[in-house]
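The following exercises are to be worked through with the sequence and the model at hand. Each task is followed by a solution in steps.

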Amino acid sequence: MKDETFYLVREDILPEAMKKTLEVKKLIERGKAESIAEAVQRVDMSRSAFYKYRDAVFPFHTMVKEKLITLFFHLEDRSGTLSQLLSVVANAGCNVLTIHQTIPIQGRANVTLSLSTNGMTEDINRVMANLKRLEFVEKVEILGQGA
């Protein structure tokens with residue numbers, strides 16, 4: 001692999017295509033566009049220009065801050081459920097930062113996990129699929145992600 005050199009550059013001197021690439025990435029990351037095609041159309045950019053720059057231009061904060069994700073679960077109240085959730089998360093290489101669990105009511109409880117994904121070894125979609133497969137998980141969703 002070729003050594004990469006990074007530079008810190010002020011936004012006002014970036015070419016328009018790089019600025020638009022960052023806009024497209026932000027739209028997709030925040031769920032404001034469902035696809036790259038939709039996002040590039042919204043910022044008036046060609047897909048080829050986006051693909052040219054997408055792996056080369058990043059917001060400064062993504063290069064220096066920890067990656068975080070918050071997951072919300074609605075679970076059946078069974079013995080060992082939290083342990084099994086944490087096992088799936090740990091096997092994916094995530095580090096648990098916080099756990100919040102409600103008191104079970106009518107056999108159901110809510111759990112919110114905040115995770116560091118710096119060491120994540122699996123794609124988030126695969127992790128979500130593994131969590132949804134757990135018999136006691138009624139609902140799992142991403143509440144937020146970012147730095």
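**Exercise 1. A network of charged side chains**

Identify the residues that are linked with Arg78 in a network of salt bridges, and describe the pair formed by Glu135 and Arg78.

Solution.
Step 1. The model is a predicted one. In it, a network of salt bridges links Glu76, Arg78 and Glu135.
Step 2. Within this network, the side chains of Glu135 and Arg78 meet in a salt bridge with an N to O distance of 3.1 Å. This pair links distant parts of the chain, 57 residues apart. Glu135 lies in the loop between helix 6 (124-133) and strand 4 (137-146), while Arg78 lies in the loop between strand 1 (68-76) and helix 5 (81-91).
Step 3. Residues over 50% relative accessible area are exposed. Glu135, with 61%, is therefore exposed, whereas Arg78, with 33%, is partly exposed.

**Exercise 2. Further salt bridges**

State how many salt bridges a search of the whole structure finds, and examine the pairs Asp55 with Arg54 and Glu122 with Arg126.

Solution.
Step 1. Side chains of opposite charge can pair when their charged atoms come close.
Step 2. The search of the whole structure yields eight salt bridges.
Step 3. In the salt bridge between Asp55 and Arg54, the closest N and O atoms are 3.7 Å apart. Asp55 is exposed because its relative accessibility is 60%; Arg54, at 31%, is partly exposed.
Step 4. Glu122 and Arg126 form a salt bridge at 3.5 Å, N to O. Glu122 is partly exposed at 23% relative accessibility, and Arg126 is exposed at 55%.

**Exercise 3. An aromatic pair**

Classify the arrangement of the rings of Phe50 and Tyr51, and decide for each residue whether it is buried, partly exposed or exposed.

Solution.
Step 1. A pair of aromatic rings is described by the distance of the centres and the angle of the planes.
Step 2. The whole structure contains one aromatic pair. Its members are Phe50 and Tyr51, whose ring centres are 5.5 Å apart and whose planes stand at 70°.
Step 3. Planes over 60 degrees apart count as edge-to-face, so the pair of Phe50 and Tyr51 is edge-to-face.
Step 4. Buried means under 20% relative accessible area. Phe50, at 3%, is therefore buried, while Tyr51, at 35%, is partly exposed.

**Exercise 4. The order of the elements and helix 1**

Give the order of helices and strands along the chain, and check the span of helix 1.

Solution.
Step 1. The protein chain has six helices and four strands. From the N terminus on, these run α-α-α-α-β-α-β-β-α-β.
Step 2. Helix 1 comprises the 14 residues 16-29, and at 1.5 Å a residue it should span 20 Å. The C-alpha atoms at its ends are 20 Å apart, so the expected span agrees with the model.
Step 3. Lys20, Thr21, Leu22, Val24 and Leu27 are the buried residues of helix 1. Their cover includes helix 2 (36-42) and helix 3 (47-53).
Step 4. Just after helix 1, Gly31 has a positive phi of about 75°.

**Exercise 5. The nonpolar cores**

Determine which residues of the largest nonpolar core touch the most other members, and which elements supply at least two residues each.

Solution.
Step 1. The largest nonpolar core has 19 residues, of which Phe73, Leu85, Leu131 and Val137 touch the most other members.
Step 2. At least two residues of this core come from each of strand 1, helix 5, strand 3, helix 6 and strand 4. Strand 1 gives the most, with four residues.
Step 3. Leaving aside residues up to four places away in sequence, Val137 touches Phe73, His74, Leu75, Leu85, Leu131 and Lys132.
Step 4. A second, separate core has nine residues, including Leu27, Ala33, Val40 and Val43.

**Exercise 6. A buried threonine**

Is Thr117 buried or exposed, and which residues does Thr117 touch?

Solution.
Step 1. Thr117 is located in the loop between strand 3 (108-116) and helix 6.
Step 2. With a relative accessible area of 15%, Thr117 is buried.
Step 3. Not counting residues up to four places away in sequence, Thr117 touches Lys67, Leu68, Ile69 and Cys94.
Step 4. For the whole chain of 147 residues, 28% count as buried.

Definitions and conventions:
Residues numbered from 1 in each chain as written. Predicted model: local features only at pLDDT ≥ 70, side-chain atom pairs only at ≥ 80, totals over all residues. Heavy atoms only, no water. Phe/Tyr/Trp six-rings, centres within 6.5 Å; stacked < 30°, edge-to-face > 60°. Buried < 20%, exposed > 50% of the residue type's maximum accessible area, 1.4 Å probe, protein only. Salt bridge = Lys/Arg side-chain N within 4 Å of Asp/Glu carboxyl O. Contact = heavy atoms within 4.5 Å. Expected span 1.5 Å × (residues − 1). Core = buried A, V, L, I, M, F, W, Y, C linked by side-chain atoms within 4.5 Å.
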